[in-house]
Amino acid sequence: MRQAETTRTVNLLKEVDVAVIGAGPAGLAAALACAEAGVSTLLIDANDAPGGQLVKQTHKFFGSERQHAGTRGIQIPSLFTEKLANYPNVEIMWNTNASGFYDSGELVLEDEKRFMKILPKRMIVAAGASERFLIFRNNDLPGVYGAGAVQTLMNVYGVVPGDRVMMIGSGNIGLIVSYQLIQAGVDVAAVVEAAPCIGGYLVHAAKLRRAGVPILTSHTVLAAHGQESVTGATIAEVDKEWQPMPGTEREVECDVICLAVGLMPLVDVLWHAGCEMKYVPELGGHVPVRDENMRTSNPKVYAAGDSGGVEEASSAMVTGEIAGISAAKSLGHQAPGADARLAQLKADLAAIRSGPTGEKISAGVRCATVCGGVWE
Ligand SMILES: Cc1cc2nc3c(=O)[nH]c(=O)nc-3n(C[C@H](O)[C@H](O)[C@H](O)COP(=O)(O)OP(=O)(O)OC[C@H]3O[C@@H](n4cnc5c(N)ncnc54)[C@H](O)[C@@H]3O)c2cc1C
């Protein structure tokens with residue numbers, strides 16, 4: 001991105017070895033790896049607390065113990081921050097947005113009061129992903145929510161979004177949030193899914209079915225009803241091309257329509273940094289072309305977690321640590337045993353991405369990885 005004229009104060013702060021954008025699972029793991037390698041590290045997050053998506057995940061994680069399986073998502077951030085507190089080479093900036101990256105290598109940060117510039121030798125972008133929306137009649141009525149917003153309302157602020165929810169999308173997010181709604185005493189009218197089969201883990205779907213929630217595959221939402229806010233919805237069956245089939249429309253009574261229809265990588269700063277980008281539907285949209293160490297085509301810039309392609313918190317922690325170790329190594333610093341750890345992490349990543357759900361991700365990652373696995 002080229003530098004533009006600005007009338008607001010810009011303070012040139014300082015140089016830092018590695019700037020990590022985002023303190024979700026990927027950014028926390030990246031920052032800790034940098035800290036352990038002994039490089040000066042600046043961790044930046046727009047929120048006022050660590051964890052990214054984890055702050056609303058009250059359920060226990062699956063997978064490997066190395067990625068905190070069995071621990072509740074909300075407990076994971078403090079495991080990292082407790083360790084980070086031992087490293088004087090780490091600084092954390094909360095409530096700070098990384099808003100631009102210039103050709104000169106300067107990263108622009110802004111908080112409530114000021115713009116700041118820093119000059120990182122390396123940058124790790126771990127900004128996560130944003131929710132997708134869906135086009136249907138009256139989709140702007142109050143009562144139409146994204147699943148992340150519903151989760152934040154309930155699990156962070158202790159507020160339920162309504163009395164009766166219709167969930168759109170049967171991926172893990174739709175299934176988990178539906179179950180959390182039930183736990184909070186909210187009625188879930190149905191889970192509506194356009195694909196012919198359930199997208200998420202069957203263990204989550206089974207819990208919903210046991211609670212009496214119908215999961216309607218090959219269905220979609222056509223309209224929201226209501227004047228001031230949602231009072232119901234029209235759904236219909238869809239054909240193989242996901243087109244609504246006339247005559248199958250039916251009304252569902254609900255005061256919330258919750259959309260869990262996928263996430264899109266947040267990659268703005270990667271575009272600014274001139275990284276080569278590729279549209280990879282399996283990874284949720286435009287992602288940076290990277291090597292197996294998460295280095296992008298800009299040799300000073302690394303990507304990690306959902307910014308590199310929408311996956312899960314477990315893989316976010318692994319790609320974050322890979323990016324952290326690799327960025328520090330490129331500056332000539334590494335913790336004892338770093339090479340063995342890197343090999344272990346790559347094996348962990350392959351294991352996480354194995355199995356039927358991982359196949360799609362693996363295909364996407366192959367497509368986004370530079371030919372030969374490392375940049376020449
Ligand atoms: C309902 C739900 C359930 C899930 N369940 C599981 C599960 O059981 N197991 C699992 O492994 N995964 C699960 N996931 C997925 C997992 O939460 C995400 O894949 C993971 O959080 C991605 O980590 P991340 O660090 O890449 O991004 P995030 O967690 O999204 O963190 C990104 C951080 O970057 C910050 N940020 C963004 N842009 C900027 C900027 N410009 N400047 C400064 N800061 C910025 C954000 O504030 C945020 O804190 C679930 C997700 C959801 C929504």
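These legends walk you through several close-up views of a predicted model.

**View 1. Cysteines without partners.** Let's start with the sulfur atoms. A disulfide is a covalent bond between the sulfur atoms of two cysteines. How many disulfides does the structure hold? The count is zero. Take Cys34, which is in no disulfide: its nearest cysteine sulfur belongs to Cys275 and is 16 Å away. A disulfide needs two cysteine sulfur atoms within 2.5 Å, so the 16 Å from Cys34 to the sulfur of Cys275 does not qualify. Cys34 counts as buried because its relative accessibility is 0%. Cys367 is in no disulfide either, and the sulfur of Cys371, the nearest one from a cysteine, is 12 Å away. With a relative accessibility of 32%, Cys367 counts as partly exposed.

**View 2. Arg290, a buried residue with a positive side chain.** You can find Arg290 in the loop that runs between β18 (285-288) and β19 (301-303). Which side chain of opposite charge is nearest to this arginine? That is Glu311, 6.1 Å away, and Arg290 has no salt bridge although it is buried. A salt bridge requires the nitrogen and oxygen atoms to be within 4 Å, so Glu311 at 6.1 Å does not form one with Arg290. Look instead at the backbone oxygens: that of Gly308 lies 2.3 Å from a polar atom of the Arg290 side chain, and that of Pro288 lies 3.1 Å from a polar atom of this side chain. Leaving aside residues up to four places away in sequence, Arg290 also touches several others, among them Leu283, Thr296, Val370 and Trp375.

**View 3. Around the ligand.** Here the ligand has 33 residues around it. Which of them come nearest? They are Asp45, Gln57, His59, Asp306 and Ala313. Some polar atoms are worth picking out as well. A polar backbone atom of Ala26 is 2.9 Å from an oxygen atom of the ligand, and a polar backbone atom of Pro25 is 3.3 Å from an oxygen atom of the ligand. Asn97 takes part through its side chain, where a polar atom lies 3.1 Å from a nitrogen atom of the ligand.

**View 4. A salt bridge between Lys346 and Glu292.** The structure holds nine salt bridges, and this view shows one of them. Between Lys346 and Glu292, the closest N and O atoms are 3.4 Å apart. Lys346 sits in helix α8 (residues 338-352) and Glu292 in the loop between β18 and β19, so this pair ties together parts that are 54 residues apart in sequence. Lys346 counts as partly exposed, at 26% relative accessibility, and Glu292 counts as partly exposed at 42%.

**View 5. A salt bridge between two loops, made by Glu311 and Arg353.** The side chains of Glu311 and Arg353 meet with an N to O distance of 2.7 Å. Why does this pair tie together parts 42 residues apart in sequence? Because Glu311 is in the loop between β19 and α7 (313-330), while Arg353 is in the loop between α8 and α9 (355-368). Glu311 is partly exposed, with a relative accessible area of 21%, whereas Arg353 is buried, with 13%.

**View 6. A salt bridge between two helices, made by Glu321 and Arg341.** In this last view, the N to O distance in the salt bridge between the side chains of Glu321 and Arg341 is 2.6 Å. Glu321 belongs to helix α7 and Arg341 to helix α8, so the pair links distant parts of the chain, 20 residues apart. Is each partner buried or partly exposed? Glu321 is buried, at a relative accessible area of 14%, and Arg341 counts as partly exposed, at 29% relative accessibility.

Key:
Residues numbered from 1 in each chain as written. Predicted model: local features only at pLDDT ≥ 70, side-chain atom pairs only at ≥ 80, totals over all residues. Heavy atoms only, no water. Buried < 20%, exposed > 50% of the residue type's maximum accessible area, 1.4 Å probe, protein only. Helix = DSSP H or I, 4+ residues; strand = E, 2+ residues; numbered from the N terminus. Polar contact = N/O pair within 3.5 Å; in protein donor to acceptor, adjacent residues only side chain to side chain. Contact = heavy atoms within 4.5 Å. Near = heavy atom within 4 Å.
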